[in-house]
Amino acid sequence: MTKLTKEQLKKSIAEYLKLLFRREINEASSQQIFQALAYAVKDDIIDNWMATQKKFEEEDAKTVYYLSMEFLMGRALGNNIINLKEDKIVREALDELGFDLDAIEDEEPDAALGNGGLGRLAACFLDSLSTLGYPAYGCGIRYKYGMFEQKIENGYQIEVPDNWLKHGNPFEMKRAEHAVEVKFGGYVRMIKDENGRDKFVQENYQSVRAVPYDLPVLGYGNNVVNTLRIWDAEAVDTFNLSSFDKGDYHQAVEQQNMARTICEVLYPNDNHYAGKELRLKQQYFFVCASVNRAVAKYLENHDDIKKLHEKVCFQLNDTHPTVTVAELMRVLMDDHNLSWDEAWEVTTKTCAYTNHTIMSEALEKWPIELFQKLLPRIYQIVEEINRRFVLEIQRRYPGDNKKVEKMAILYDNQVKMAHLAIAGSFSVNGVARLHTEILKTQELKDFYEMMPNKFNNKTNGITQRRFLLHGNPLLADWVTKKVGNDWITDLSKIDALAKYADDKKAQKEFMDIKFQNKVRLAKYIKEHNNVDVDPNSIFDVQVKRLHEYKRQLLNILHVMHLYNQLKANPGMDFYPRTFIFGAKASAGYRRAKAIIKLINNVADIVNNDVSIGGKIKVVFIENYRVSNAELIFAAADVSEQISTASKEASGTGNMKFMLNGAVTIGTMDGANVEIVEEVGAENAFIFGLSSDEVINYENNGGYNPKDIYNNDQDIKRVVNQLINGDYSPEDTELFRELYNSLLEYSGYERADQFFILKDFRSYEEAQKRVSESYKDKDKWAKMAILNTAKCGKFTSDRTIEEYAKEIWNLTKVAVEV
């Protein structure tokens, strides 16, 4: 294919403006220009997309299907332009038409297909799979409103629908020819087939059509285009005219409404039965559709279903897609007449499971009654998997009923999805070395003892193409000038920057770029928060999902402590700080939402207190997402990675900050351990309990937060400020639950279960070291450069190479166009 020229692009934009909007260029709005440009770019992608799929078929390449509830892709236009290596042409063409590419990119909403690190990791993995030339499908759900768009009103998080599809999605392609029927409810009847074999038939069920929408995922400059396939739900019978004619209008569209509900939102609130049912329905919906389509695609070119595992691998991204194990068994036995043993052999060679958490709440468990009612045939299969698995446990550990209690898939009226995933997969991996070790020695210890060969580690990574090349173009250009551009597809090459760490000219250039990015973020904050922040201050940043174990509460309590110190001693030596937060709390997570309110109340008081001379500013960035994350990572001086040791599986925000030259303040948790190994302890600020110390306290006791509260007057004052009206004069009880969580044993959780007070003084001391180091401009610049230079390990390209070689057994495919 010939390279796109400026004139071709301008002509294509003009044609799409006429076709889509009946507009000339001089009449078009920015949104219309975005749409026209996106379709023009899509034209440039289509030939590569078709050529890639044709090449995969010619080479009969094994394909990984990456099943995930989330794909936090961010905006597509800019990423696609960069991976096509057409950013210069597009920018110049738009400039000649009178438009700015950055402004046009801002017209695209972030795709609301994910929320946190789980979804962003999946997006990075797809980028790397394409860039490395490995055949892959991402499989998920086409959510109409995402999780929610976050608004902050009077300091409170308000959830509103994220209507990202309001203007359509120019890059998606509906593939109605690949629709799959998905069945819920009813009952299962056993019959005999013509050969006298037992056959199971689901009857009296409700069903929906799963319809795939495909999105292109481009490799960087290599013509490879993989596919993100997101499933939408449609009614099997769209409209009941008979009911409508009888005046029963609700009945007429009942099927439509049921289908629509499945794909409305990501992670519906499951504090009630209906929410739990909807979540399980979503999980089975996209798994059933993905598995059935993958099997059908395999059979288009292969006859022997028993060899499915030679050409297909299903990677389960956490426990949400675990029902894949049972669904694949159903397809193999009910649709293709394999025996149980034959189907189990294929399934356990085809499925692989990634565990993303040590938190027991995320190891999903479904009430048996709900599971059996919604998925009757799947439950039968899970019941038999469990029966056989329990027999195996009893054979291996005779008389040890504790083993059965800890490992059974069905126990205590629950279906334990992590246990099903482990039993039915050939590989079980953690996502950072420490996390994997904790799984093996703590959370999944019994499984590891029984089947150690399944367990392995794959430390997470991020794509440098999104988070440096696109998100921080000033630094990306500087890196390329210093070490060449090979880092774009081989991040290990960025290590060559280390030789510039002591170079005064390079230090000045690096910190000048950081300052320009801080100015850019300060402008964003002024526009969105109406708060003036000083780019000369330390930008101290914590942006991630709001959860107690991530300890945003520790951060804001420390800010309150600093404010108390400044009020008591206005003349104290204090380097100005801007504390930046960004986080969404799950709609039903009351305590997390209270922390957001606390951060905003502290911000209101601190930011408006002229007596402290602007030495502290607190900013909560509304609706944290990929597009504003790119601005934030580029501008950060300090990366807050302060989770309770042993609780964070990996973290990937830590890697994005590191890539952009931010210095970590953190605990030895998750991938922080490996980051410190790479950059050196002298180039990070480590504090707090170790994971072993945390686990010891959890198992053996010995920590009482009231001892600290009663003996440390500074901490006592800060904790008391939660309930004395200093930050909630209108309601002194507003933060009572946060106060109680730090000091009171509730009967189901320990007081201060995330060791906030225990780590407070260590955190304070580390923050003092941050301030002292930042004052030494040369020292800080060296630390910042070394963080960027030493992040080569943390590319998702490295992670995907490990998955491809050690789990999936994939072969790279080169695409010539």
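A cavity, for this tour, is a set of grid points among the protein atoms where a 1.4 Å probe fits but cannot get out. Keep that in mind as you click around, and remember that the model on your screen is predicted.

**Stop 1: the second largest cavity**

Let's start with a cavity of about 100 Å³, the second largest one. To see its walls, select Glu548, Leu553, Arg591, Ile595, Leu738, Ser741, Leu742, Glu749, Asp752, Gln753, Phe754 and Ile756. Now colour α23 (590–607) and α30 (736–743), the elements that each give two or more residues to this lining. Which of the elements gives the most? That's α30, with 3 residues. Sort the lining by class and you get 6 nonpolar, 2 polar and 4 charged residues.

**Stop 2: the largest cavity**

The structure holds 4 cavities of 30 Å³ or more, and the largest has about 240 Å³ of space in it. Select Asp60, Ala61, Thr63, Lys297 and His302: out of 17 lining residues, these lie nearest the centre of the largest cavity. Next, show α2 (30–59), β1 (63–67), β2 (136–141) and α10 (273–301), since each supplies at least two lining residues here. The top contributor is α10, which gives 4 residues. What classes make up this lining? You'll find 9 nonpolar, 4 polar and 4 charged residues.

**Stop 3: a lysine with no salt bridge**

Jump to strand β20 (residues 616–620) and pick out lysine 617. Lysine 617 is buried, but has no salt bridge. How far away is the nearest side chain of opposite charge? It belongs to aspartate 532 and sits 5.9 Å away. A salt bridge here requires a side-chain nitrogen within 4 Å of a carboxyl oxygen, so that distance doesn't qualify. Now look at the backbone of aspartate 532 instead: its oxygen lies 2.5 Å from a polar atom of the lysine 617 side chain.

**Stop 4: a buried pair**

Salt bridges do turn up elsewhere, with 76 found in a search of the whole structure. For one of them, select aspartate 446 and lysine 403, whose side chains meet with N and O 2.7 Å apart. The two residues come from distant parts of the chain, 43 residues apart: aspartate 446 is in helix α18 (residues 445–450) and lysine 403 is in helix α15 (residues 401–407). Are they buried or exposed? Both aspartate 446 and lysine 403 are buried.

**Stop 5: two pairs along helices**

Move on to helix α21 (residues 504–529), where lysine 505 and glutamate 509 lie 4 residues apart, about one turn of the helix. They form a salt bridge, and their closest N and O atoms are 2.7 Å apart. Lysine 505 counts as exposed because its relative accessible area is 56%, while glutamate 509, at 22%, is partly exposed.

Then try helix α33 (residues 796–808), home to lysine 805 and glutamate 801, again 4 residues apart and about one turn of the helix. In this salt bridge, the closest N and O atoms are 3.6 Å apart. Lysine 805 is exposed, with a relative accessible area of 60%, whereas glutamate 801 is buried at 16%.

**Last stop: a network**

Finish by selecting Lys6, Glu7, Lys10, Lys88, Glu92 and Glu96 together. What links these residues? They are joined in a network of salt bridges.

Conventions:
Residues numbered from 1 in each chain as written. Predicted model: local features only at pLDDT ≥ 70, side-chain atom pairs only at ≥ 80, totals over all residues. Heavy atoms only, no water. 1 Å grid on protein atoms, 1.4 Å probe; cavity = no way out; pocket = protein on both sides within 12 Å on 5 of 7 lines; lining within 4 Å. Points joined across faces, edges and corners; volume = space filled by probe spheres on them. Nonpolar A, V, L, I, M, F, W, Y, C, P; charged D, E, K, R; others polar. Buried < 20%, exposed > 50% of the residue type's maximum accessible area, 1.4 Å probe, protein only. Lys, Arg positive; Asp, Glu negative; His and termini not counted. Polar contact = N/O pair within 3.5 Å; in protein donor to acceptor, adjacent residues only side chain to side chain.
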